[in-house]
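Q: I'm new to reading structures and would like a close look at one part of this one. Could you pick it out for me and then set it in its surroundings?

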Amino acid sequence: MDRKEKLVQPVTPGDKLGVIEEYAPGNGTYVNNGVIYAKQVGYAMVNKESKKIEVMPKTRIPFFPAKGQKVLGRVQHVEDKFAMVKVFKVNGFELKSPFTAVIHVSFISRFFTKTVYDAFKPGDLIYAQIIGDKNQPFQLTTAAKDLGVLEAYCSNCGELMILDKKQLKCPKCGSVEKRKISEFYGRKV
Amino acid sequence: MVTVQKLINEEGLRVDGRRLDELRPIRMEVGLLANADGSAYIEHGKNKIIVAVYGPKEAQPKHVSLHDRAVVRCRYHMAPFSTDERKSPAPSRREIEISKVVREALEPVIFTEYFPRSMIDIFIEVLQSDGGSRCAAITASSLALADAGIPLRDLVVGCAVGKVEGKLVLDPSDIEDKLGEADMPIAFIPVLGKISLLQMDGMFTEEEFIKALNMAKEACMKIYALQKQTLKEKYLQVEKEVRESLTLKE
């Protein structure tokens with residue numbers, strides 16, 4: 001068979017791609033009894049040098065949270081030592097099904113935070129980073145300049161608070177509150 | 001409804017004009033629902049079934065989640081207008097059973113271990129029912145799973161064999177199912193060579209059973225080819241582009 005002909009080939013799950021003596025199985029493939037099969041709908045490609053065979057999926061790629069991803073979420077519930085966050089956007093991609101994550105007090109900022117109540121309140125929009133994807137709920141951190149609260153709501157009247165001289169102030173009732181603010185506060189990320 | 005005395009005529013043709021080993025016409029479609037992660041539609045004879053797949057997503061409620069793999073949930077539901085007489089929309093005993101067997105037929109092909117603590121939802125809605133709807137549901141569900149981009153070992157195919165007037169008939173329709181002597185739906189995984197669903201009501205002799213099983217497997221391979229063609233058709237337009245872009249790069 002011509003090498004070029006074999007380079008790109010449309011495949012569906014269960015299509016035989018070759019044997020392990022022939023190719024090294026790559027992404028989108030699996031091995032059963034020494035035979036390489038495709039496990040997704042897409043195009044099978046062979047790297048001529050490394051002999052690696054891969055399937056480039058043409059369907060949607062299922063999302064799974066991974067370490068290092070930057071996320072947008074809403075604070076759901078706050079306790080003394082941690083806050084629960086509903087994450088709905090990861091690396092700029094809107095998720096069809098949001099997932100829950102947790103922030104521990106020790107990961108809120110680079111400085112000492114006594115309780116989460118000093119940093120987040122329910123309803124806040126926060127920008128955070130995933131630091132743990134091994135256990136669920138996934139763990140987040142906001143200990144960086146760009147991470148933290150993007151939108152805070154007044155606990156007195158519910159109005160969106162504005163940043164006034166490094167202080168969060170409610171434009172309606174004038175109350176001042178404490179948060180772990182991101183440098184992007186009030187802007188979109 | 002017309003009363004039928006003979007289900008197989010002198011020429012060996014069935015009520016709907018098929019030969020004994022002939023399938024009903026099948027049409028499939030994928031990716032028709034915008035809000036589902038994956039979807040498929042199948043017309044298998046008079047069966048009209050729509051399948052939506054959601055996930056892998058966070059398990060809800062949390063206590064059902066498994067620490068080492070995804071949970072697969074399945075809901076087979078018949079629309080109230082899908083039968084001759086109105087069917088109550090509440091899940092019946094039959095629907096609960098089919099939900100369970102369809103889930104168990106599909107689970108062996110899904111790489112659930114890639115998505116620990118998450119959940120995959122499969123919703124099967126029967127818009128019009130005929131004989132062998134659970135087989136058609138399995139066929140469509142595996143297409144919807146592939147459309148959702150969930151890694152699969154293979155596609156699962158369902159097909160039934162029945163016994164009518166002492167003869168084995170492939171893919172029995174509703175009347176043949178009700179008036180016939182036996183009905184055996186199977187789900188087949190071609191690559192693994194395994195059967196993930198085998199049910200039977202009525203009676204088969206041992207020889208009949210072996211013959212029926214082979215008939216069903218053969219028919220499954222025909223449907224399997226159709227499934228692959230459906231998936232390829234959906235992505236065929238891009239094939240050209242990829243080929244062109246690759247030849248340009250070289």
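What follows is a walk through one chain, with a look at its partner for contrast.

Q: Please take chain B and look closely at Ala137(B): where does Ala137(B) lie, and is Ala137(B) buried or exposed? After that, what is the chain around it like, and how is chain A built?

A: Before we start, keep in mind that this is a predicted model. Now to your residue. Ala137(B) is part of helix H2 of chain B, the helix that runs over residues 133–147. Its relative accessibility is 0%. The cut-off for "buried" is anything under 20% relative accessible area, so Ala137(B) counts as buried.

What does Ala137(B) touch, once neighbours within four places in sequence are left aside? The contacts are Ile49(B), Val51(B), Tyr76(B) and Ile124(B). Take Val51(B) from that list: 86 residues of sequence lie between its position and that of Ala137(B), yet the two C-alpha atoms are 7.6 Å apart in space. That's a nice reminder to look at the 3D view as well as the sequence.

Let's zoom out to the chain that holds this helix. Chain B has four helices and ten strands. If you read along the sequence, the order is β-β-β-β-α-β-α-β-β-α-β-β-β-α. The globule rule gives 18 Å for 250 residues and the radius of gyration of chain B is 19 Å, so chain B is as compact as a globular protein of that length. Along the principal axes, its C-alpha atoms fill a box of roughly 65 × 50 × 35 Å.

Your alanine has plenty of buried company, too: 52% of the 250 residues in chain B are buried. Now think back to the pairing of Ala137(B) with Val51(B), 86 residues apart in sequence. Across chain B, if you take contacts between residues at least 6 apart in sequence, 67% of them join residues at least 24 apart. As for the outside, chain B exposes about 11,800 Å², and carbon and sulfur atoms supply 54% of that area. Chain B also carries 35 positive and 39 negative charges, and the mean positions of the two sets are 3 Å apart.

While you're in chain B, have a look at its backbone. Strand S3, which covers residues 47–58, includes Pro56(B). The peptide bond leading from Gly55(B) into Pro56(B) is cis, with omega near 5°. There's another cis bond from Gln60(B) to Pro61(B), where omega is near 0°. Pro61(B) sits in the loop between S3 and strand S4 (71–78). Further along, Glu165(B) has a positive phi of about 50° even though it isn't a glycine. You'll find Glu165(B) in the loop between strand S6 (157–164) and strand S7 (167–170). With a relative accessible area of 35%, Glu165(B) is partly exposed.

Now for chain A. Its secondary structure comes to one helix and 16 strands. A compact globule of 189 residues would have a radius of gyration near 16 Å, but chain A has 24 Å. You can see its outline in the span of the C-alpha trace along the principal axes, about 75 × 25 × 25 Å. Chain A is divided into domain 1 (5–57) and domain 2 (70–177), and the centres of these domains are 43 Å apart, taken over C-alpha atoms.

Inside chain A, 44% of the 189 residues are buried. Of the contacts between residues at least 6 apart in sequence, 50% link residues at least 24 apart. The chain exposes about 10,100 Å², with 52% coming from carbon and sulfur atoms. It has 31 positive and 19 negative side chains, and the centres of those two sets lie 3 Å apart.

Two lysines are worth finding on screen. Lys48(A) is in the loop between strand S6 (42–46) and strand S7 (52–57), and at 44% relative accessibility it counts as partly exposed. Tyr23(A) is 25 residues away from Lys48(A) along the chain, and their C-alpha atoms are separated by 9.9 Å. The other is Lys166(A), in the loop between strand S14 (162–164) and strand S15 (167–169). Lys166(A) has a positive phi of about 60° although it is not a glycine. Its relative accessibility is 80%, so Lys166(A) counts as exposed. Set that against the residue you asked about: Ala137(B), at 0%, is buried.

Note on methods
Residues are numbered from 1 along each chain as its sequence is written. Chains are lettered from A and ligands numbered from 1 in the order in which they are written. This is a predicted model: local features need pLDDT of at least 70, side-chain atom pairs count only at pLDDT 80 or more; totals for chains, interfaces and linings use all residues. Side-chain values use heavy atoms; hydrogens and water are left out. The radius of gyration is taken over C-alpha atoms; the globule rule is 2.2 Å times the number of residues to the power 0.38. Buried means under 20% relative accessible area, exposed over 50%, partly exposed in between (1.4 Å probe, protein chains only). Contact means heavy atoms within 4.5 Å. Accessible areas come from the Shrake-Rupley method with a 1.4 Å probe; for residues, only the protein chains shown count as cover. Lys and Arg count as positive and Asp and Glu as negative; His and the chain ends are not counted. The place of a charge is taken as NZ of Lys, CZ of Arg, CG of Asp or CD of Glu. Domain bounds come from an automatic or database domain assignment.
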